[in-house]
Amino acid sequence: MPVPRMKTLSSRTDETAIAAVASAFACSDEIAAMVARAGRLNNFRSRSVILRQGDVVGLAYLIVSGFAKALFYSVDGQVILLHEYHQGELFGALEEADRTPQDADVIAAGDVTALVIDAGELAMLAEQFGCIGLALSRMLLHRLRKTTRRMYERTALSAVGRIHAELLQRARENGDMTIRPAPVLSELALQVATTRETVSRTVNALYRRGLIRRDGDGLVIVAPDRLEEMIL
């Protein structure tokens with residue numbers, strides 16, 4: 001895979017990259033500056049493919065702004081959402097020996113800025129600075145937990161149950177039982193591996209029963225306990 005065209009950091013983008021690294025790895029600005037200068041900032045337009053399924057990858061990508069989706073295409077053409085990468089999260093090759101084929105397309109959802117680092121350099125920095133190694137371990141553990149939860153839901157729950165579970169999970173993450181902005185039905189369908197029509201019917205049924213309501217640009221879970229009981 002050809003290395004994407006990167007740009008030299010200016011003082012302003014240098015500060016942006018350092019702040020993103022310091023936040024992602026919970027390290028000092030001095031260590032963050034070393035990591036930032038080991039890589040280059042790269043911009044990806046909305047819907048552009050950052051990595052392709054099957055590519056052999058030797059670079060790590062740290063999201064500085066925006067977010068990306070890892071999409072897997074099954075042999076029967078079904079699109080499966082594997083991961084979402086938000087600000088401060090990594091994807092690609094995360095260690096020097098990790099030059100295995102990419103398991104999914106990674107696509108920019110909106111404009112994305114990423115710090116691109118050679119996997120070997122990142123591995124050396126992780127060996128040198130404990131905060132980086134610890135942060136990488138935490139990121140991978142968090143991703144494993146999300147993947148495990150998603151696999152359980154897809155095998156143990158019905159499509160409607162997965163929709164209920166996803167809505168409840170998103171609302172609880174925000175603390176006030178509000179999903180803001182309200183989820184796009186097609187994206188929610190991709191998230192829970194079902195059709196847009198199924199999501200539309202399920203969400204409309206929740207509106208009719210008074211279990212959810214609109215609040216400006218957000219969606220409020222009015223009766224979370226009742227919704228949880230409906231996760232089957």
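**Exercise 1. Determine whether Glu166 is buried or exposed, and identify the salt bridge of Glu166 and Arg170.**

Solution. Glu166 has a relative accessibility of 6%. Buried means under 20% relative accessible area, exposed over 50%, and partly exposed in between (1.4 Å probe, protein chains only). Glu166 therefore counts as buried.

Next, the side chain of Glu166 meets that of Arg170 in a salt bridge, at 3.0 Å from N to O. A salt bridge is a side-chain nitrogen of Lys or Arg within 4 Å of a carboxyl oxygen of Asp or Glu. Both residues belong to helix α5, four residues apart, which is about one turn of the helix. Helices (H or I, at least four residues) and strands (E, at least two) are DSSP runs, numbered from the N terminus.

The model is predicted: local features need pLDDT of at least 70 and side-chain atom pairs count only at pLDDT 80 or more, whereas totals for chains, interfaces and linings use all residues. Residues are numbered from 1 along each chain as its sequence is written, and side-chain values use heavy atoms, with hydrogens and water left out.

**Exercise 2. State which parts of the chain the salt bridge of Lys69 and Glu187 ties together.**

Solution. The closest N and O atoms of Lys69 and Glu187 are 4.0 Å apart. Lys69 lies in strand β3 and Glu187 in helix α6, so this salt bridge ties together parts 118 residues apart in sequence. Lys69 counts as buried, at 11% relative accessibility, whereas Glu187 is partly exposed, at 40%.

**Exercise 3. Identify the network that includes Arg180.**

Solution. Begin with the salt bridge between the side chains of Asp215 and Arg180, at 3.5 Å from N to O. Asp215 is in strand β8 (residues 212-215), and Arg180 is in the loop between β7 (178-179) and α6, 35 residues apart. Asp215 is partly exposed, with a relative accessible area of 36%, and Arg180 is partly exposed at 42%. Salt bridges with shared partners join Arg180, Asp215 and Asp217 into one network. The whole structure holds seven salt bridges.

**Exercise 4. Describe the largest pocket and its lining.**

Solution. On a 1 Å grid over the protein atoms alone, a pocket is an open set of points where a 1.4 Å probe fits, with protein on both sides within 12 Å along at least five of seven lines; lining residues have an atom within 4 Å of a point. The volume of the largest pocket is about 840 Å³. Its lining has 30 residues, of which Phe67, Glu84, His86, Arg170 and Glu187 are the closest to the centre. Helix α5 gives the most to this lining, with five residues.

Technical notes
Grid points are joined across faces, edges and corners, and a volume is the space filled by probe spheres set on the points.
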